[in-house]
Amino acid sequence: MNEAQAFYGRWAGLYDVVATFPGVGSWREHAAADLDLSPGDTVVEMGCGTGANLPFLRERVGASGTVVGVDFTRGMLDRAAARVEAKGWENVHLVHGDATAPPIEGPVDAVLGSFVVGMVSEPARVVEGWCALVRPGGRIALLDATRSTDPRARPLDALFRLFVAASAPPTTRLRYPTPPWKPLDDRVTAAREPLEDRPEYAHEEFALGFVRLSSAAIE
Ligand SMILES: C[S@@+](CC[C@H](N)C(=O)[O-])C[C@H]1O[C@@H](n2cnc3c(N)ncnc32)[C@H](O)[C@@H]1O
C-alpha cells in the first residue's frame, strides 16, 4: 500500500463530507455536462474516490447506460459501494485498480478525472492513455483544484495552501522539502497538455480560479 492509499483509506469518511459540501456539487454537475453524455453511454471515472460524481454521471447515462468508477483505495471504494447500493443502481460498477494503467477495455464514450491528476507522477502520459480509451467523438474532462492566479483570490491563497498541506499525504510532516501545492499546480497544468490541442477544447474556472474544469473531444 502506498502513501496515498493509506491516507485516503484512513480519511475516506471525512473526505466524503468535504467532497459533498454544498457548492461542490455544481462543479461536478458542470464536469458531467462537459462530457456530453447521452442515455445509454458508457463513462469511466478514474480515481472515483467515495463516488461523489457518480450521481451526476448516472443521471446523464440513465438506466440503459454504464458508469464505471476506478480507484486503488479500498476504503474510498467501500464508501462509493455504499452510495451505489443505497441508490439501487445496477449499472454503476466499481473497479479496484490503478488509474495510471486502467483495467478498462475501450472504447468508451467518455472519461472523467476529478481531483486526481494532481496525484499522479506523469499526468500528461496518464491522461493521454485515458484519451486512447475514448471513442472518436467522445469526450474527456478534468476537474481540479490548484492555486489561483486571480488577484481577487490572493487573500485566500494561504488558506488554500493550508488545505493542500492538510489534505496531501502524508499529514505528519511540518516541513516539506517541496511544498505540496507546487507539484499539484505543475501536475494539474501538465495533465491538460493532451487536451489543449484536441478539438472543442474548453476551459472554465470556479471559486475565484481555485477550481479548474477542462474538457475536449477525442478525434
Ligand atoms: C482527492 S480524491 C478524488 C475522488 C473523486 N474523484 C472526487 O472527485 O471526489 C483522489 C482519489 O483518487 C484515487 N487515486 C489516486 N491515484 C490513483 C491511481 N493511480 N489509481 C487509482 N486511484 C487513484 C485515490 O485513492 C482517491 O480516492
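The largest nonpolar core has 25 residues, of which Val44, Met46, Val111, Val127, Trp130 and Ile140 touch the most other members. Such a core is a set of buried Ala, Val, Leu, Ile, Met, Phe, Trp, Tyr and Cys residues joined through side-chain atoms within 4.5 Å, where buried means under 20% relative accessible area (1.4 Å probe, protein chains only). The structure is a predicted model, in which local features need pLDDT of at least 70, side-chain atom pairs count only at pLDDT 80 or more, and totals for chains, interfaces and linings use all residues. Residues are numbered from 1 along each chain as its sequence is written, and side-chain values use heavy atoms, with hydrogens and water left out.

Elements giving two or more residues to this core include β1 (42-46), β4 (108-114) and α5 (123-133); helices (H or I, at least four residues) and strands (E, at least two) are DSSP runs numbered from the N terminus. The largest share, 5 residues, comes from α5. A second, separate core of 23 residues includes Ala32, Val84, Leu112 and Ala141.

The ligand is surrounded by 20 residues, and Tyr15, Gly47, Asp71, Thr73 and Ser114 come nearest; a residue counts here if one of its heavy atoms lies within 4 Å. Three polar contacts (pairs of N or O atoms within 3.5 Å) are listed below.

| Ligand atom | Protein partner | Distance |
|---|---|---|
| oxygen | Tyr15, side-chain N or O | 2.6 Å |
| oxygen | Arg28, side-chain N or O | 2.7 Å |
| nitrogen | Gly47, polar backbone atom | 2.7 Å |

Taken alone, the ligand exposes 590 Å², and the protein buries 97% of that, as computed by the Shrake-Rupley method with a 1.4 Å probe.

Definitions and conventions. A polar contact is a pair of N or O atoms within 3.5 Å; within protein, one must be able to donate a hydrogen and the other to accept it, and residues adjacent in sequence count only if both atoms are side-chain atoms. Buried means under 20% relative accessible area, exposed over 50%, partly exposed in between (1.4 Å probe, protein chains only).
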